[in-house]
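Open the model in your viewer and keep a selection prompt at hand. The stops below go from the whole chain to single residues.

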Amino acid sequence: MDIKDLEIFNNISEDSLEKIKKESKLLSYSLGQPISSKSILLKNILIIIEGTSRLLGSQNQKQITVAKLGTGTVIGLGSILRLKGCEDVNASTEVKALAI
């Protein structure tokens with residue numbers, strides 16, 4: 001998938017898209033692998049470009065799926081804005097994400 005096909009990049013110039021492509025890193029996650037954790041502040045935001053993941057929460061001391069996240073979803077922005085990890089996200093399929 002080309003990142004310009006993602007809605008999040010709809011209004012970005014070609015020059016800016018090229019800069020993002022050059023300066024970002026493609027990361028891969030296996031089924032069940034943690035992508036983000038409440039206990040860790042990510043250095044980058046991640047944008048899912050392929051696959052699905054689960055935003056996790058807890059209810060009655062059990063881990064539950066709060067939301068399913070797919071292509072175009074941003075992970076880690078809330079944590080960066082708060083300067084504290086706040087998202088538990090695990091891959092529910094093979095996931096490719098762009099670290100910006």
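Start with the full set of contacts in the protein chain: of those between residues at least 6 apart in sequence, 69% join residues at least 24 apart. This is a predicted model.

Keep the whole chain selected and show it as a C-alpha trace. Along its principal axes the trace spans about 50 × 30 × 20 Å. The radius of gyration is 14 Å, which agrees with the value near 13 Å for a compact globule with 100 residues. Switch to a surface view next; the accessible surface comes to about 6,500 Å², and carbon and sulfur atoms account for 49% of that area. Of the 100 residues, 33% are buried.

Now colour by secondary structure. The protein chain has two helices and eight strands, and reading along the sequence gives the pattern α-β-β-β-β-β-β-α-β-β.

**The largest nonpolar core**

Select Tyr-29, Ile-35, Leu-42, Leu-46, Ile-48, Leu-69, Ile-75, Val-89, Ala-91, Val-95, Ala-97 and Ala-99, and show their side chains. These twelve residues make up the largest nonpolar core. Which strands each supply at least two residues of this core? They are β3 (46–50), β7 (88–91) and β8 (95–99). The largest share, three residues, comes from β8.

A separate selection picks up another core, which lies apart from this one and has eight residues, including Leu-6, Phe-9, Leu-17 and Ile-49.

**Leu-42 and Ser-36**

Go back to the largest core and centre on Leu-42, one of its members. Leaving aside neighbours within four places in sequence, Leu-42 is in contact with Ile-35, Ser-36, Ile-75, Gly-76 and Ile-80.

From that list, move to Ser-36, which lies in strand β2 (residues 34–36). Is Ser-36 buried or exposed? Its relative accessibility is 4%, so Ser-36 counts as buried, the limit being under 20%. Not counting residues up to four places away in sequence, Ser-36 touches Leu-42, Ile-75, Glu-87, Asp-88 and Val-89. Add Glu-87 to the selection and show its backbone: a polar atom of the Ser-36 side chain lies 2.9 Å from the backbone oxygen of Glu-87.

**Leu-6 and Gly-72**

Select Leu-6, already met in the eight-residue core. Leu-6 is located in the segment before α1 and is buried, with a relative accessible area of 4%. Then add Gly-72 and draw a distance between the two C-alpha atoms. Leu-6 and Gly-72 are 66 residues apart along the chain, yet their C-alpha atoms are separated by 5.8 Å.

**The salt bridge in α1**

Continue along the chain into helix α1 (residues 14–23) and select Glu-18 and Lys-21, which both lie in this helix. How far apart are the closest N and O atoms of the salt bridge between Glu-18 and Lys-21? The distance is 3.7 Å, inside the limit of 4 Å used for a salt bridge. The two residues are three apart in sequence, about one turn of the helix. The count of salt bridges comes to one.

Finish by checking how much of this pair is covered. Glu-18 has 36% relative accessibility and counts as partly exposed. Lys-21, with a relative accessible area of 35%, is partly exposed as well.

Definitions and conventions: Residues numbered from 1 in each chain as written. Predicted model: local features only at pLDDT ≥ 70, side-chain atom pairs only at ≥ 80, totals over all residues. Heavy atoms only, no water. Core = buried A, V, L, I, M, F, W, Y, C linked by side-chain atoms within 4.5 Å. Buried < 20%, exposed > 50% of the residue type's maximum accessible area, 1.4 Å probe, protein only. Helix = DSSP H or I, 4+ residues; strand = E, 2+ residues; numbered from the N terminus. Contact = heavy atoms within 4.5 Å. Salt bridge = Lys/Arg side-chain N within 4 Å of Asp/Glu carboxyl O. Rg over C-alpha atoms; globule rule 2.2 N^0.38 Å. Areas by Shrake-Rupley, 256 points an atom, 1.4 Å probe, with all protein chains shown as cover. Polar contact = N/O pair within 3.5 Å; in protein donor to acceptor, adjacent residues only side chain to side chain.
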